[in-house]
Amino acid sequence: MQARSSSSSYNDLYRPLKVLGLQPKSFIPHSTTPSSPLAKSSTREFNERRTSQRKSLCELIPEEINVLGSDLSVPGLHNNLDLSSELYKRHHKPRSPLIRAQTEPCYLSTATTRPIHIPSSKTMATLTPRDNLNARVKGSSHIDFKTATTGVAAKSMRNEISHLVSTCDDDAKKAFDTEMQSFFYLFTRYLSERAKSVDLDWDRIKSPADDQIVAYEGLSQPHDHSNLNKLAVLKVNGGLGTSMGMTGAKSALEVKDDMTFLDLTVRQIEHLNTSNRVDVPLILMTSFNTHEDTLRIIKKYANQQLRITTFNQSRYPRIFKESLLPCPKRADDDKTHWYPPGHGDLYNALLYSGVLDQLIAEGKEYLFVSNSDNLGAVVDEKILQHMIDSQAEFLMEVTDKTKADIKGGTLIDYEGSVRLLEIAQVPSEHVEDFKSVRKFKIFNTNNLWINLPALRRIMGNEGMELEIIINPKTNEDGQSVIQLETAAGAAIKHFKNGHGINVPRSRFLPVKSCSDLLLIKSDIYSLQHGQLVLNESRMFETTPVIKLGDHFKKIQQFQKRFKKIPKIIELDHLTVTGDVNFGRNVTLRGTVIIVANEGQRIDIPDGCILENRLLSGNLNMIEL
């Protein structure tokens, strides 16, 4: 290889920055360019000096200012664009320490309702994984349309989020800027993957090996209840329940015996602590949609034998699908223009809120994570014991797939490594294969067990790059937008000895619809210390299939149409469509189908018993 002059090497080194075509429009003044950096100092010293002068991702680095003073209309300017390159990440990953926006983590004492703030970690890593700095960047002789427009999209997005940061109040600007850095890095990853158009190699996907999925029945009994002192429980509490017509925190919905999701969770953990004389804290990860509601609700638990900590996950701007520009125009723009970026944000939010370091300082080694609306997700000492014995750093609870679960993510073997596969990642020609129970027999319940020191090690070293899930939405004005999200279960690939536990279906009891709610509210289940228990009078271990039509879709309609929840202990299948209302003390047995056609109404009288009946709009009773 021929030797190059220092000037030529310098220009080659910063060619990827030049091809971005970015202009210095940041709201923070730029610093001056250091003189003769490669000749007078080591690479490390130069990088440190340059980094210290750059206050925000929304700014150009000094070399960009210098280089971009030249003509940007050079032929083939975009040919070398690669936003996934090591060099691009080196100069464009967030650098400043993160102080969480929105709220500090809040600890609610068991003796007082006054919240005590946990200080954020003083030394924090960047939001992005650390990359090797010795990568060479080479041009490409051929580019497609998406690749050619990637630099333009990145430049436009950076200008827009720079403007968003400039509209933020001064006291919150630094924190908001850092949050936007995290979003911008996710966005550039999306652009890079979009340009490459690399599809999943379906032929390399296999069903998990026997050692990658462990049967729950084979787990040993716990040896020592004191291991619970090493455990903390986290509930993902950011959902609004909009699919059920709710506007507030979904966890505030009354689901059983006048108790809410949060009531049941608090009762479970309080009983666990008092009966075993241990200290298991409850952590609530909220979103900007639910944080205020959650803080108000948990005040009533102040005198319980339980410590509750809350922290807020990130808030990212929705992106217009056509222009790839952010929906909000100001930092305080309407909530509908923003979104929480999925439960995969858990790891960054734990780290940068200071909660992760706080738990480790308290001697906690394990974290049990689940969705707040999964009433089957209770602490299981057998699983905790297995995690300790197997020295697994990550466990994912999976359960057998049914027709109702065909869209759920599943564990796969990909070139000998266990991975989470979501339906959004599946090529369109293989979607039906993904839904089939022949190859993919289990699905992810999103009940996760995480080793906290291992998580701290990973976040402090290489960090995590979780697969991006593109979630298409439609704004209130009908415009198509996208949300870039990640899944918490995808982190399994980063941990040592991560594997799945095939658990009973009873550990997966989510309430996603009013049909689910009817089942939970019914006499199929009873409560013991906040935990759902299947009624002993039920002849079968399986629960009945319940399908309620659109007239029961919203929680207000559901509550109006049932004067009292029917007795369904002997029910196998229930389908209800149309304008149907249930009286008090109704009993449903076997298979019951009730259909009210348009313009008709069916009122089930008080005390009525329906067994193996098809009830139509003209009130004919047909034997099945």
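This report walks through some aromatic pairs, a charged patch, a few long-range contacts and two unusual backbone angles in a predicted model.

## Aromatic rings that pair up

Let us start with the rings. Across the whole structure, a search turns up 13 aromatic pairs. One of them joins Phe 187 and Tyr 190, whose ring centres are 6.2 Å apart, with 40° between the planes. That pair counts as tilted because its angle is neither under 30 degrees, as for stacked rings, nor over 60, as for edge-to-face ones.

Where do Phe 187 and Tyr 190 lie? Both belong to helix α8, which covers residues 170-196, and they sit 3 residues apart, or about one turn of the helix. Phe 187 has a relative accessibility of 0%, so Phe 187 counts as buried. Tyr 190 is at 10%, so Tyr 190 counts as buried too.

## A stacked pair across two strands

Now look at Phe 368 and Trp 449, an aromatic pair of the stacked kind: 4.4 Å from centre to centre, with 25° between the planes. Phe 368 comes from strand β13 (residues 366-371) and Trp 449 from strand β17 (residues 442-451), so this pair ties together parts of the chain that are 81 residues apart in sequence. Are the two residues buried or exposed? Both Phe 368 and Trp 449 are buried.

## A cluster of rings

Pairs can also link up with one another. Phe 183, Phe 187, Tyr 190, Tyr 316 and Tyr 339 are connected by ring pairs into a cluster. You have already met two of its members, Phe 187 and Tyr 190, as a tilted pair.

## Helix α16 and its distant partners

Helix α16 spans residues 514-521, and Ser 515 is part of it. With a relative accessible area of 13%, Ser 515 is under the 20% limit and is therefore buried. Try finding Lys 547 from there: it is 32 residues away from Ser 515 along the chain, yet their C-alpha atoms are separated by 5.9 Å.

Leu 518 lies in helix α16 as well. Its relative accessible area is 2%, so Leu 518 is buried. How far apart in space are Leu 518 and Ile 568? From C-alpha to C-alpha the distance is 9.8 Å, while in sequence these two residues are 50 residues apart.

## A positive patch on the surface

Next, turn to the outside of the model. Four residues, Lys 563, Lys 564, Lys 567 and Arg 584, gather there in a surface patch of positive charge.

Lys 564 is a good one to find on your screen. Look in the loop between α17 (555-561) and β24 (567-577). Lys 564 has a relative accessibility of 43%, and that value falls between the 20% and 50% limits, so Lys 564 counts as partly exposed.

## Two positive phi angles

Finally, a word on the backbone. Most residues other than glycine have a negative phi. Gln 391 has a positive phi, near 55°, although Gln 391 is not a glycine. Gln 391 sits in the loop between α13 (381-390) and β14 (394-400). At 65% relative accessibility, Gln 391 is over the 50% limit and so counts as exposed.

Asn 446 also has a positive phi, near 65°, and is likewise a residue other than glycine. Which element holds Asn 446? Asn 446 is in strand β17, the strand that also contains Trp 449. Asn 446 is buried, with a relative accessible area of 7%.

Conventions: Residues are numbered from 1 along each chain as its sequence is written. This is a predicted model: local features need pLDDT of at least 70, side-chain atom pairs count only at pLDDT 80 or more; totals for chains, interfaces and linings use all residues. Side-chain values use heavy atoms; hydrogens and water are left out. Patches are made of residues with over 30% relative accessible area and no salt bridge: like charges are joined within 9 Å, nonpolar side chains (Val, Leu, Ile, Met, Phe, Trp, Tyr) within 5 Å. Accessible areas come from the Shrake-Rupley method with a 1.4 Å probe; for residues, only the protein chains shown count as cover. A salt bridge is a side-chain nitrogen of Lys or Arg within 4 Å of a carboxyl oxygen of Asp or Glu. Lys and Arg count as positive and Asp and Glu as negative; His and the chain ends are not counted. The place of a charge is taken as NZ of Lys, CZ of Arg, CG of Asp or CD of Glu. Helices (H or I, at least four residues) and strands (E, at least two) are DSSP runs, numbered from the N terminus. Buried means under 20% relative accessible area, exposed over 50%, partly exposed in between (1.4 Å probe, protein chains only). Rings of Phe, Tyr and Trp (its six-membered ring) pair if their centres lie within 6.5 Å; planes under 30 degrees apart count as stacked, over 60 as edge-to-face and the rest as tilted.
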